[in-house]
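Subject: The structure, and some notes on it

Hi,

Here is the structure I wanted to pass on to you. Have a look at it first, and then read on for my notes.

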Amino acid sequence: MINLKMLTTTAVSALLVSSSSVYAADCPIKIGGMAPLSAPGTVVGGEAMRDAMKIAEDDINAAGGVLGCDVDVVIGDTEGLPEKGTALMEKFITQDGVVAVGGGYHSSVGVASKDVADARGIPVVFAETWNDTITGDKQKYIFRIAPLSSWASSTIWQYALTIPGVKKVAILTENTDYGIPAAEETKAGLSTGNVETVVYSIDIGTQDYAGIVQRIKADKPDMIITLATGEAGYNFAQQAADAGIGPLDVPFVASQVSLESKAYWENVPDGNYAFVQRIGVPESLFTEEGTAFSLKYKEITGKGAVESYAMEAYDSIAILAQAINEAGSTDGDAIVAALESIEHNGTLGKIFFPYGSGKSPSDDGHGDEWWHQWPDVALTMIQYQEEGENSGEATIVFPDAYKTGDAVIVTD
């Protein structure tokens with residue numbers, strides 16, 4: 001029998017490097033953890049991130065803590081709303097006394113809250129916020145381990161161009177700092193293959209899609225792409241299925257929240273053959289840290305698969321703990337310096353930030369969005385091909401480097 005506690009503790013122990021010149025710290029050392037835990041935010045995603053960040057707290061403390069202190073990950077609810085995210089960041093800093101912040105799911109929350117942290121000199125490692133401007137503003141204290149929105153969008157449209165017969169695509173997107181640029185990027189990418197697109201915009205948390213579903217059906221698209229966050233994405237997928245344009249009828253990219261398999265199948269019983277974008281390599285290629293975390297996460301949550309945003313959330317806390325230890329200080333500038341030179345063996349792989357104060361992204365011909373950005377994020381497209389299967393066991397259909405099987409292409 002595998003000793004999960006020993007496995008995860010050993011994995012984190014390797015990351016927590018003690019400093020010979022430790023800056024005096026008040027115990028416990030507090031790190032903020034941002035997550036959407038109530039509507040209209042992506043609650044299943046937020047709960048997964050919360051659980052992952054608390055596991056990180058346990059593992060860090062079991063491995064000796066940080067600067068001789070226990071770590072206390074203070075979890076806060078963003079509700080997926082920019083104003084709530086800003087208020088939470090203020091609370092973390094002025095009331096909770098955090099020295100750094102991890103987590104974060106919605107791009108709109110990241111865009112709004114990052115300025116507060118940067119102005120206060122509090123380092124942030126965003127876990128799941130994709131909007132390019134989050135790092136593109138080149139703020140000193142802001143880092144990210146999630147992919148850029150432009151990278152994530154390209155995975156979807158590049159895969160769409162490989163599907164035979166796709167000449168017209170319907171895109172459902174939300175009016176947020178994630179949805180608007182993601183739709184624009186996807187539309188532009190599809191146009192390179194002479195694919196026509198029709199974009200339908202919604203507000204975050206929309207529940208009733210009857211009108212939009214009928215409009216999409218009338219447009220007769222060859223494929224549907226969902227660029228919306230939250231459980232409302234389940235409603236759209238099932239309402240589309242009820243109207244005959246769901247995953248069983250046309251190639252259908254479901255929202256990322258569909259990675260939470262149990263909730264997906266409960267809410268979208270007609271969701272087989274849906275495609276979902278996933279961050280990270282398949283479980284067979286997990287790092288030692290990824291395998292250890294996955295086993296513990298499944299044991300604690302009862303889930304059959306670990307979602308990519310849970311792994312990102314865990315890594316965002318673990319990398320901050322390593323940076324504080326390597327800095328020998330809870331000072332924000334010292335933590336930033338440590339992050340800029342860090343090599344972190346995370347659940348998602350070896351995390352590092354090649355561009356920052358020591359080297360500009362432009363030196364290698366990259367845009368400002370590469371600032372404090374992890375460049376090696378793996379992006380894949382999976383497809384559910386068996387009713388009720390876990391996302392971790394689903395067939396990876398793109399790209400070829402990670403492909404585990406061929407897609408099942410359905411036609412109306």
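Let me start with helix 8, on the side where Arg-215 and Ala-218 are exposed. Please keep in mind throughout that this is a predicted model.

Which residues of helix 8 are buried? Within residues 210–219, they are Ile-212, Val-213 and Ile-216. These three lie on the same side of helix 8, because they cover an arc of only 100° around the axis. The general background is that an α-helix has 3.6 residues a turn, so residues three or four places apart point the same way. The cover over the buried residues of helix 8 includes strand 6 and strand 7 (196–202), along with strand 8 (223–227) and helix 9 (232–242). Just after helix 8 comes Lys-220, which has a positive phi, near 55°.

Next, the sheet. It is open and has 5 strands in the order 2-1-3-4-5, paired in parallel. Strand 2 and strand 5 (142–144) are its edges, each pairing on one side only. On average, neighbouring strands of this sheet are turned by 25° against each other, direction ignored. To see one of the pairings in detail, go to strand 3 (residues 100–103), which runs parallel to strand 4 and is joined to it by 3 bridges. There you will find Gly-102 opposite Val-125 of strand 4.

Two helices that pack on this sheet are worth a look. Helix 3 touches strand 1, strand 2, strand 3 and strand 4, and its direction makes about 170° with that of strand 1. Helix 12 (residues 308–327) also packs on the sheet, with contacts to strand 1, strand 2, strand 3 and strand 4. The direction of helix 12 makes about 155° with that of strand 3.

Now to the aromatic rings. A ring pair is described by the distance of the centres and the angle of the planes. The model has 15 aromatic pairs. In one of them, the ring centres of Trp-130 and Tyr-178 are 5.7 Å apart and the planes stand at 85°; with over 60 degrees as the cut-off, the pair is therefore edge-to-face. This pair links distant parts of the chain, 48 residues apart. Trp-130 sits in the loop between strand 4 (124–126) and helix 5 (133–136), while Tyr-178 sits in the loop between strand 6 (168–174) and helix 7 (179–191). Trp-130 is buried, at a relative accessible area of 6%, and Tyr-178 is buried too, at 14%.

Tyr-264 and Trp-265 make another edge-to-face pair, with 5.1 Å from centre to centre and 75° between the planes. Both of these residues, Tyr-264 and Trp-265, are buried. They also belong to a cluster linked by ring pairs, made up of Tyr-234, Tyr-264, Trp-265 and Tyr-384.

Another spot to zoom in on is Gly-290, in helix 11 (residues 288–301). Is Gly-290 buried or exposed? Its relative accessibility is 0%, so Gly-290 counts as buried. Leaving aside residues up to four places away in sequence, Gly-290 touches Met-311, Gly-346 and Thr-347. From Gly-290 to Tyr-314 the C-alpha to C-alpha distance is 9.9 Å, with their positions 24 residues apart in sequence.

Finally, a few backbone details to check on your screen:

- Cys-27 to Pro-28 is a cis peptide bond, with omega near -10°. Pro-28 is in the loop between helix 1 (4–13) and strand 1 (29–35).
- Phe-398 and Pro-399 are also joined by a cis peptide bond, with omega about 0°. Pro-399 belongs to the segment after strand 14 (395–398).
- Glu-79 is not a glycine, yet its phi is positive, near 60°. You can find Glu-79 in the loop between strand 2 (71–77) and helix 3 (82–96).
- Asn-194, again not a glycine, has a positive phi of about 60°. Its loop runs between helix 7 and strand 7, and Asn-194 counts as exposed because its relative accessibility is 69%.

Happy to go through any of this with you.

Best wishes

How values were computed
Residues are numbered from 1 along each chain as its sequence is written. This is a predicted model: local features need pLDDT of at least 70, side-chain atom pairs count only at pLDDT 80 or more; totals for chains, interfaces and linings use all residues. Side-chain values use heavy atoms; hydrogens and water are left out. Rings of Phe, Tyr and Trp (its six-membered ring) pair if their centres lie within 6.5 Å; planes under 30 degrees apart count as stacked, over 60 as edge-to-face and the rest as tilted. Helices (H or I, at least four residues) and strands (E, at least two) are DSSP runs, numbered from the N terminus. Buried means under 20% relative accessible area, exposed over 50%, partly exposed in between (1.4 Å probe, protein chains only). The arc is that of the directions from the helix axis to the C-beta atoms. Contact means heavy atoms within 4.5 Å. Two strands pair if DSSP finds at least two bridges between them. Axes are lines fitted to C-alpha atoms, for helices over the stretch in contact, and angles run from 0 to 180 degrees between N-to-C directions.
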